[in-house]
Amino acid sequence: MNNKEFIAEVAGRTSISAKQCQDMVNLLAETMVSALEVDNEVVVAGLGNFEIKQKKERVMINPSNGKKMLVPPKLVINFKMSSTYKNKIN
Amino acid sequence: MAKNKITLQALSDMMASNGACSKTTSEAFVRNFFSVLKEALQKDNIIKIKGFGTFKLVVVAARESVNVNTGERVSIAEYNKITFTPDKALKERVNKPFAQFDTIPVDDEDIEIIEGTAQEVGEEVPVETPVEKPVENVPVVVEPVVAEEPVAEAPVAKEEEAPVIAPLISEPSPKVAEPIDFEEPEAAPAPEPEPVVEEKAEPVAEPAPEPVAEDKTEEKIETEPEPEPQPAVPEAEETPKKKSRKGCIIVSIILGVILVAALVAGAYYLGSQHVLESPAEVQKPVVKVDTLTKVDTVQAPAPKVDAVADSLAQLREKAANFEQVEGGEYLIVGTKTYRKMKANYTLTRLTVHVYGDKKYLPYVIKYNNIKNPDMVPIGTRLRFPELIEK
């Protein structure tokens, strides 16, 4: 399913316009991140949870020129399935 | 790290508190968002949401593993998994605290600092100048190499060439190389060295301010080209030809080796068609045709069965007679074939020969009650089980 269909479906169910729906999606993303930043987990019942994890810096080799590069530490957002959902799809 | 769990309700409250929308709308929106997401995943297996990310349903292949308590081989069955890859905007938003860093090229000395190897204070000083050090090394390393070859390029008088080449004479390189080296510089500026040499022939007797060793080599070279000034040039001309000829020879040798290898492989293939049960490396993988010549009467179930409906049900009953692998997707229902362990072979390799995939290894181990799969003695008779899907 692509973005257009998804937005259309959610907008239809919530009785809002498609544009409003897309804006709310962006707002949702922003809200989630601000919630996650303060050392939290966002739990979606029956689906899984979102978490922010820190990755350490590491040395990697650029395959095209063989040079060693230093990748700095970074924060990434992670999604982990819940066990109920796992059983559901298996 | 103890983390607070934020529920969907809390999220929708946060959204509404911004003032962008009413509480009811945000609640409904959040709930619908995730339910449509779940449904879409079931229907389509992939869903891309702009401003958020991509949710994908992937299939994780079955793999073998070890039961941590018993050390027994276990097979982890195939399963489905949801993966989430955040959108670019979301990624950047999340990484805001670390945004100023960038990937940089790094030198080897720095890696030691990063990887935390213990270093004394004194040692750090040379490490602190990493940029200079390798640069210094490079010209030093390159120089002797440079000295050898581009001697030909330098259209300088031989006096200057000789002191550079002199240190090389002491190197363990074969002395045969030297006359060629000297002849090459003679080849490149072809007409030049000849008059130079001839000029030198006279002042040989003069007390030259050069070390004795150089004198001797110079004399040697001079006497060589002198009586044969003409052969020097054609010889020099030959050396580039020789080099191209050498390349041709190497290529033809490689082709010859490939031909021989192809012939040998063909011979084996032909040979394999005659051999039935021998434990040679010649067996084709996934031997579907039954090659049993020594069927054990105790192992009654027919090993020739392919998935036919009736016999499948019968087989499932027979599966109860055998010990099964925990977590496995397949049931052992009898013996498929036999093999003997050969020298320099592994259980994994034999499994691949019989089934075509090494994922069946735990079944083989279980069926043969092998205690140590890494140490199966040569000559051990192994039974490979017939497997059906659960």
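This is a short tutorial dialogue on reading the interface and fold of a predicted two-chain model.

User: Before we start, what conventions apply to this model?

Analyst: Residues are numbered from 1 along each chain as its sequence is written, and chains are lettered from A and ligands numbered from 1 in the order in which they are written. The model is predicted, so local features need pLDDT of at least 70 and side-chain atom pairs count only at pLDDT 80 or more, while totals for chains, interfaces and linings use all residues; side-chain values use heavy atoms, with hydrogens and water left out.

User: How many residues does each chain bring to the contact?

Analyst: Contact means heavy atoms within 4.5 Å. Here chain B brings 62 residues and chain A brings 56.

User: And what area is buried between the chains?

Analyst: Buried area is the accessible area (1.4 Å probe) that two parts lose on being put together, summed over both. For chain B and chain A that is about 5500 Å², with carbon and sulfur atoms giving 69% of it. B:Lys3, B:Phe29 and B:Val94 supply 12% of the area that chain B buries against chain A, more than any other three residues.

User: How many salt bridges cross the interface?

Analyst: A salt bridge is a side-chain nitrogen of Lys or Arg within 4 Å of a carboxyl oxygen of Asp or Glu. The rule finds 4 of them between chain B and chain A. One joins B:Glu39 to A:Arg13, with the closest N and O atoms 2.8 Å apart.

User: Which element of chain B gives the most to the side that touches chain A?

Analyst: Helices (H or I, at least four residues) and strands (E, at least two) are DSSP runs, numbered from the N terminus. Helix α2 of chain B, residues 23-44, gives the most, with 18 residues.

User: Which strands pair across the chains?

Analyst: Two strands pair if DSSP finds at least two bridges between them. Strand β4 of chain A (residues 68-71) and strand β7 of chain B (residues 104-105) are antiparallel partners over 2 bridges. In this pairing, A:Leu70 stands opposite B:Ile104.

User: Now within chain B, where is there a hairpin?

Analyst: Chain B has 14 helices and 9 strands. Its strands β4 (residues 63-66) and β5 (residues 73-76) pair in the antiparallel sense over 4 bridges, and B:Ser65 stands opposite B:Val74. These two strands form a hairpin with 6 residues between them, and B:Gly71 in the turn has a positive phi of about 75 degrees.
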